[in-house]
Amino acid sequence: MNTPIYERALGRDFARLQPELQAYFSLAPGSGHYGVGEGVFDVVGCRQAWLRPLLRLTAGEQAFFPEYGEGIRFRIENHAHLDPFGRSSLTARREIFFPGTTRLFQDTTSLDGAGGRSGLVDYVGRFRRLVTDLNLSVTPEGRLRGVSEASRLFAGPLRIPLPAALDAKAYAEQWWEPDNGGRHRIQVKVIQPQLGLVLVYAGRFDYRLEPYPGGVTAPGHLPGYARPDRWERRV
């Protein structure tokens, strides 16, 4: 059964999400469509000026970036597909339009069925070197909350678990706001114990589904521009 990965991970709690969120997270491989969101971040980036030079060194990873801004336009594409190892996945590609530069932020969330469980693992950045487990829950209001758990770094053949003192945790919440015609809302904070708030973004956006050119419905289809520079099968 081609069940969307967030529904698989949440189980019965998926039905507790706001209807608009259920629709947002219902993309499945082979549907012939991808999602497009366009909106404005009220805040986005690294608030700590002293930390930005360090983040500039990692900007090529397309996971963190040194800029900070308010009222910044952004665009997100969601692509549901099977990854090269046959796992049901959702790849998100974000374009953030800072004045003078556009930053990319991308990741692939895959369903990990090892051991009979249906958990999600998130592979972050263009090389998918940083991987984290996702812990999802639904609030009483029907919002989706996600917390990144244990992370590990893949450096060639090495699998390096990050100790709690070094690991950065992401805290995310997404919901539907019905006021003024209705829009999606999202807020994310990435906190590292030693450095504090590394990344924040919060904003609103409209969302729609678009058909793939040529009517492509192959479950493994992912447009070339949305593919990472490498895939990682380890968890």
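Arginine 143 is partly exposed, because its relative accessible area is 26%, between the 20% and 50% cut-offs. In this predicted model, arginine 143 pairs with glutamate 173 in a salt bridge. Glutamate 173 has a relative accessibility of 10% and therefore counts as buried, the limit being under 20%. Glutamate 173 belongs to strand β9 (residues 169-177), while arginine 143 sits in the loop between β6 (130-138) and β7 (144-155), so the salt bridge ties together parts that are 30 residues apart in sequence.

Side chains of opposite charge can pair when their charged atoms come close. Across the whole structure, a search finds 20 salt bridges. Three of them are listed here with the distance between their closest N and O atoms.

| Acidic residue | Basic residue | Closest N and O atoms |
|---|---|---|
| Aspartate 42 | Arginine 204 | 2.5 Å |
| Glutamate 67 | Arginine 103 | 2.8 Å |
| Glutamate 173 | Arginine 143 | 2.7 Å |

Aspartate 42 forms a salt bridge with arginine 204. This pair links distant parts of the chain, with aspartate 42 in strand β1 (residues 33-45) and arginine 204 in strand β11 (residues 196-211), 162 residues apart. Aspartate 42 is partly exposed at 30% relative accessibility, and arginine 204 is partly exposed at 26%.

Are glutamate 67 and arginine 103 buried or exposed? Both are buried. Glutamate 67 forms a salt bridge with arginine 103. Glutamate 67 lies in the loop between α3 (52-57) and β2 (68-82) and arginine 103 in strand β4 (residues 101-112), so their salt bridge ties together parts 36 residues apart in sequence.

Technical notes: Residues are numbered from 1 along each chain as its sequence is written. This is a predicted model: local features need pLDDT of at least 70, side-chain atom pairs count only at pLDDT 80 or more; totals for chains, interfaces and linings use all residues. Side-chain values use heavy atoms; hydrogens and water are left out. A salt bridge is a side-chain nitrogen of Lys or Arg within 4 Å of a carboxyl oxygen of Asp or Glu. Helices (H or I, at least four residues) and strands (E, at least two) are DSSP runs, numbered from the N terminus. Buried means under 20% relative accessible area, exposed over 50%, partly exposed in between (1.4 Å probe, protein chains only).
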